[in-house]
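Colleague: Could you walk me through one part of this model with me looking over your shoulder? I would like the wider setting too, so take your time.

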Amino acid sequence: MWRPRIKFEHRPVQHHDGLVRIGSNSPGNTQGIPDPDGSVWALLALLDGSRTVGQIADELAYRFPAYTHDEVSKALDKLNTAGHLEDASEIELTDYERERYSRSRAFWRAVDRTPGRRSWDAQLRLRQARVVIVGIGGAGGAAARLLVMSGVGQLHCVDADVVELSNLNRQGLFIEQDLGKPKVEAALERLRQLNSHVEVSGSREHIKRPGQLRALAVACDVLLMAADQPSTGEIRSWTNQACYATKTAWVHTGYAGPRASVGVFRPGTGPCYDCVRAAEQHRRSVVSPRIAWAPGESMTREHAATAATAAIAGALAADAVERLIIGVPYLPVNQEYGLILGASRGYEALRLEQPWPDCPTCGHDGHG
Ligand SMILES: [Zn+2]
């Protein structure tokens, strides 16, 4: 039975100008409601989750006899559609989970405007979710930590490498005692220590062909691609093909210099990763050719990265994975975006309005 309750983070405030403002802690979602006779404030006071809609209408009608059940229902519908209400009916979570994830609950109910959600629905969705991460180095390892801390149900880690000394400047999953160990082995030990309630598994494998990714994609709700071998573009394109075929939501993440980025894709809802790639290749084909400086073999070619850039890329990726799982409606999908350290704003890049007609992955059926 639906028992509407105002989200604590959206709690209303009564102003002297006769307006009641609700949602002021939810940026972009503040609403002012005229309340000349005090009935709005009285209605809001009844929305503490202890009453059904019928009980709320009865109580309001007792104090303001002019208000019908129908009008009360309509007022509740408006508040619900605007995302200010949650359903306070009971939900199956242990006391342990309620305490452990209480701050997460506050976050999700503040930002999630889906009408009628119960306040623990986001956590339940995370608990039911299966995530695969390919590449658990800097960004992938950071994302793995955050997803395990957030209480995803199952996390499967894929990586073929061993922990090397040069990893320790940014790959926060590993400690000095892990040097020489397979990354998957060290990661599983660390992740299980972080949250023993998450089912963590791993496999030590090189991704050498798209078929491996297809097998991984079909077994999860969201796949996070954080590997860069054989090349960033190629393995992301393989992931795109695998996830397009299996209709699996996916995220990629990476960092280069001060730039930390994510790409977020929900196959079948717009342009895919290969659309953007094909469009970019086309753009380059029509501008004058560029010749890249080719350093000699003696040049070092290390990836420019710090612990901060890796952690930020991983955090953006974990956030995107969680939003795909929970279904927060305003997550931008089918595009890439990110942050540049030191810049005051994030950036949006590589975004197409429509699928690219000649896309090798989704172009044949005319939609992405
Ligand atoms: Zn495409």
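Among contacts in the chain between residues at least 6 apart in sequence, what percentage join residues at least 24 apart? After that, please take a close look at helix H10 (232–246).

Modeller: Happy to! This is a predicted model, in which local features need pLDDT of at least 70 and side-chain atom pairs count only at pLDDT 80 or more, while totals for chains, interfaces and linings use all residues. Residues are numbered from 1 along each chain as its sequence is written.

To your opening question: the share is 68%, where two residues are in contact if their C-beta atoms, placed from the backbone, lie within 7 Å. The chain holds twelve helices and 13 strands; these are DSSP runs numbered from the N terminus, with helices being H or I of at least four residues and strands E of at least two. Of its 368 residues, 39% are buried. Here, buried means 20 or more other C-beta atoms within 10 Å of a residue's own, exposed means 12 or fewer, and partly exposed lies in between, with C-beta atoms placed from the backbone. Along the principal axes, the C-alpha atoms fill a box of roughly 85 × 50 × 40 Å. The domain assignment, which is automatic or from a database, gives domain 1 (4–102) and domain 2 (129–291 + 301–365). Their C-alpha centres lie 39 Å apart.

Now to H10, starting with the loop that leads into the helix. Pro 230 sits between strand S9 (222–225) and H10, and a cis peptide bond joins Gln 229 to Pro 230, with omega at about 0°. Past the other end of the helix, Lys 247 lies in the loop between H10 and strand S10 (249–256). Its phi is near 55°, a positive value in a residue other than glycine. Both features deserve a second glance, because most residues other than glycine have a negative phi, and most peptide bonds are trans. Lys 247 counts as exposed because 12 C-beta neighbours lie inside 10 Å.

Within the helix itself, Asn 240 is a good residue to follow. Asn 240 counts as buried because 28 C-beta neighbours lie inside 10 Å. Leaving aside neighbours within four places in sequence, Asn 240 is in contact with Cys 272, Tyr 273, Asp 274 and Thr 361. Asn 240 and Cys 272 are 32 residues apart in sequence, yet their C-alpha atoms are 7.1 Å apart in space.

Those contacts lead us to helix H11 (residues 273–286), which packs with H10 at an angle of about 135°, the axes being 8 Å apart. The axes are lines fitted to C-alpha atoms, over the stretch in contact for helices, and the angles run from 0 to 180 degrees between N-to-C directions. That angle makes H10 oblique to H11; under 35 degrees would be roughly parallel, over 145 roughly antiparallel, and 65 to 115 roughly perpendicular, with the rest oblique. The contact is made by Gly 233, Arg 236, Ser 237 and Asn 240 of H10, together with Tyr 273, Asp 274 and Arg 277 of H11.

Going back to S9, the strand ahead of the Pro 230 loop, we can look at Leu 224. Its contacts, apart from neighbours within four places in sequence, are Val 131, Val 132, Ile 133, Gly 140, Ala 143, Val 251, Thr 253, Ala 317 and Val 321. Leu 224 also belongs to the largest nonpolar core, a set of 74 residues in which Leu 224, Ile 133, Ala 317 and Val 321 touch the most other members. Such a core is a set of buried Ala, Val, Leu, Ile, Met, Phe, Trp, Tyr and Cys residues joined through C-beta atoms within 7 Å. Helix H12 (residues 307–326) gives the most to this core, with twelve residues. A second, separate core has eleven residues, including Ile 6, Leu 43, Leu 47 and Ala 57.

For a companion to Lys 247, try Asn 334, in the loop between H12 and strand S12 (335–340). Asn 334 has a phi near 60°, again a positive value in a residue other than glycine. Whereas Lys 247 is exposed, Asn 334 is buried, with 22 other C-beta atoms within 10 Å.
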